[in-house]
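Let's take a stroll through a protein model together. Have the sequence and the 3D view ready, and follow along as we go from the whole chain down to single residues.

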Number of protein chains: 2
Amino acid sequence: MEISRIDDPLDPRVSAFRDIRERDLTGRQGLFVAEGEVVLRVLASPHALCRPRSVLLAENRVAGLAEVLESLPDDVPVHVAGQGVLDSVAGFHLHRGILALGEKPPAQPLEALLAAMGDDAVVVLACGIGNHDNMGGIFRNAAAFGAGAVLLDAQCCDPFYRKAIRVSVGAVLRTPMATGLEAMAAVSGLKAAGFRGLAMTPSAGVTLDQAPRGGRVAIVLGAEGPGLPDSLIAACEPVGIRMSGGFDSLNVATAGAIALHHFARGA
Amino acid sequence: MEISRIDDPLDPRVSAFRDIRERDLTGRQGLFVAEGEVVLRVLASPHALCRPRSVLLAENRVAGLAEVLESLPDDVPVHVAGQGVLDSVAGFHLHRGILALGEKPPAQPLEALLAAMGDDAVVVLACGIGNHDNMGGIFRNAAAFGAGAVLLDAQCCDPFYRKAIRVSVGAVLRTPMATGLEAMAAVSGLKAAGFRGLAMTPSAGVTLDQAPRGGRVAIVLGAEGPGLPDSLIAACEPVGIRMSGGFDSLNVATAGAIALHHFARGA
């Protein structure tokens with residue numbers, strides 16, 4: 001492992017970390033920037049499905065991370081800077097003091113992803129999730145319950161957005177996924193692969209505790225507010241979560257967690 | 001209902017809404033400021049446990065809210081301002097265009113709160129929750145599953161903080177609560193009132209699906225990261241949520257939702 005010191009915020013070796021917030025919004029051609037120790041640990045672990053490309057740390061973080069840094073591949077440069085230089089590079093005060101640049105995993109065709117799963121597998125299909133907190137939460141919960149994959153339709157926000165990665169506590173970097181799907185085609189593909197499509201919707205006549213476990217299951221989640229479109233619900237088995245009268249509904253990531261707990265326990 | 005127009009950001013009639021962000025951090029002696037339409041609707045509804053004191057709206061929001069404004073008590077003044085004046089009052093761009101000032105409910109002694117509940121009641125006792133998103137999520141979930149109350153120890157952040165109210169979709173304003181509790185004393189009080197104290201902790205030998213339902217149940221949640229202190233776990237029945245190996249844990253509000261779904265379904 002080679003540690004190089006950065007004293008100039010304009011140093012080209014850290015140009016990928018420059019003005020992160022603005023870049024977050026524009027996307028970055030197959031790369032992402034993640035922050036924080038937990039996320040760095042995931043990225044450096046054998047579970048990661050993304051390659052780390054470089055790391056930028058505040059100098060006071062190096063000693064505590066020696067073991068993590070050692071576990072990075074040899075060709076991943078580690079840059080260290082004073083807090084002031086780090087803040088200048090990032091474009092804001094980076095109190096976590098840890099940034100990592102990584103490569104998004106190669107796109108996976110849905111069929112290949114599903115073919116690799118066992119007979120008792122649970123996946124999440126998320127449609128139209130526009131909020132990065134919810135996206136991160138969906139990945140965190142999928143990982144907590146051992147879901148085989150998270151599938152995202154083309155209307156979902158980018159799971160590799162910095163905040164989504166952070167909220168997922170790194171699960172975005174270690175969970176098999178397919179993105180940019182057309183939701184109805186994804187449901188067809190899931191059915192063809194033997195998955196039951198369970199559309200989570202408050203209006204369903206069947207509640208979760210009545211839905212049998214086992215086999216291949218896809219939990220289908222729609223955007224907060226509008227929920228899933230009727231056509232998609234009709235193509236699936238609608239399932240609801242029994243709630244108290246008079247209150248609107250659960251957060252979509254929370255509803256997904258309750259469904260995952262039901263279908264994926266001990267997977 | 002009387003609508004008055006505000007043209008001067010320094011108008012004393014809206015002084016309570018001035019520089020909200022700074023005030024959020026300092027507290028406000030029994031008052032709170034909430035934002036957004038959903039929250040205003042809760043505050044104006046018969047379910048609210050807090051009295052609204054005044055409302056400040058962007059002028060373009062008035063027509064769409066006529067019916068909600070009519071349902072406010074007659075002595076609650078409604079102030080209307082142009083977006084520019086509104087932003088100057090608030091101290092930032094208030095794109096939701098809706099602010100309400102309310103009174104926190106009077107403090108409830110734990111014993112009185114518990115005595116008012118039925119034989120099959122579920123409450124949440126939250127200890128050391130420092131994050132306002134998590135606080136809001138705990139209240140949202142408690143309301144969704146009809147929990148009888150949310151109890152907070154003295155180490156919890158303020159549930160009436162603007163963001164916590166918003167994330168709770170108003171549940172903070174309509175859920176019976178006791179705050180500032182000493183956690184161990186609260187567990188004793190719960191037991192004395194016939195509640196089983198179920199400490200949610202990943203290390204528990206018993207999982208949720210093995211925990212019997214029914215009767216009076218208190219779901220005890222600790223802070224993300226450290227979790228519940230050992231002494232508190234020892235004073236309760238420890239219960240875990242079965243998860244997949246290799247991943248750390250669930251968000252505390254999410255864990256609470258899964259426990260509420262188990263214990264409070266259809267309550």
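Here is a short tour, starting with the whole chain and ending with a few residues.

## The big picture

Keep in mind that this is a predicted model. Chain A is built from 10 helices and 11 strands. Its radius of gyration is 20 Å, close to the 18 Å that the globule rule gives for 267 residues, so chain A is as compact as a globular protein of that length. If you drew a box around the C-alpha atoms along the principal axes, that box would come to roughly 60 × 40 × 30 Å.

How do the contacts in chain A run along the sequence? Take the contacts between residues at least 6 apart: 77% of them join residues at least 24 apart in sequence.

## Inside, outside and charge

What share of the 267 residues counts as buried? The figure for chain A is 55%. Turning to the outside, chain A exposes about 10900 Å², and carbon and sulfur atoms supply 52% of that area.

As for charge, there are 23 positive and 28 negative side chains in chain A. The centres of these two sets lie 3 Å apart.

## Two domains

Chain A splits into two parts: domain 1 covers 3-103, and domain 2 covers 110-263. Taken over C-alpha atoms, the centres of the two domains are 31 Å from each other. Where they meet, 18 residues of domain 1 are in contact with 11 residues of domain 2.

## Two loop residues with positive phi

Now zoom in on Asp19(A), which you'll find in the loop between strand S1 (3-5) and helix H1 (20-26). Its phi is near 50°, a positive value in a residue other than glycine. Is Asp19(A) buried or exposed? Somewhere in between: Asp19(A) counts as partly exposed because its relative accessibility is 35%, and that category runs between 20% and 50%.

Val169(A) also has a positive phi without being glycine, with a value near 45°. Look for Val169(A) in the loop between helix H7 (162-167) and strand S8 (177-181). Val169(A) has a relative accessible area of 17%, so it is buried; the cut-off for that label is under 20%.

## Ala193(A), in a loop

Ala193(A) sits in the loop that links helix H8 (183-192) with strand S9 (195-200). With 24% relative accessibility, Ala193(A) counts as partly exposed.

What does Ala193(A) touch, once you ignore residues up to four places away in sequence? The answer is Leu114(A) and Arg216(A). Ala193(A) and Arg216(A) are 23 residues apart in sequence, and their C-alpha atoms are 8.5 Å apart in space.

## Ile219(A), in a strand

Our last stop is Ile219(A), in strand S10 (residues 216-221). Ile219(A) counts as buried because its relative accessibility is 0%.

Who are its contacts, leaving aside neighbours within four places in sequence? Ile219(A) is in contact with Val122(A), Val123(A), Val124(A) and Leu125(A), and also with Leu198(A) and Met200(A). Ala259(A), Leu260(A) and Phe263(A) are on the list of contacts too. For a distance to check in your viewer, try Ile219(A) and Ala257(A): they are 38 residues apart along the chain, and 10.0 Å separates their C-alpha atoms.

Definitions and conventions
Residues are numbered from 1 along each chain as its sequence is written. Chains are lettered from A and ligands numbered from 1 in the order in which they are written. This is a predicted model: local features need pLDDT of at least 70, side-chain atom pairs count only at pLDDT 80 or more; totals for chains, interfaces and linings use all residues. Side-chain values use heavy atoms; hydrogens and water are left out. Helices (H or I, at least four residues) and strands (E, at least two) are DSSP runs, numbered from the N terminus. The radius of gyration is taken over C-alpha atoms; the globule rule is 2.2 Å times the number of residues to the power 0.38. Buried means under 20% relative accessible area, exposed over 50%, partly exposed in between (1.4 Å probe, protein chains only). Contact means heavy atoms within 4.5 Å. Accessible areas come from the Shrake-Rupley method with a 1.4 Å probe; for residues, only the protein chains shown count as cover. Lys and Arg count as positive and Asp and Glu as negative; His and the chain ends are not counted. The place of a charge is taken as NZ of Lys, CZ of Arg, CG of Asp or CD of Glu. Domain bounds come from an automatic or database domain assignment.
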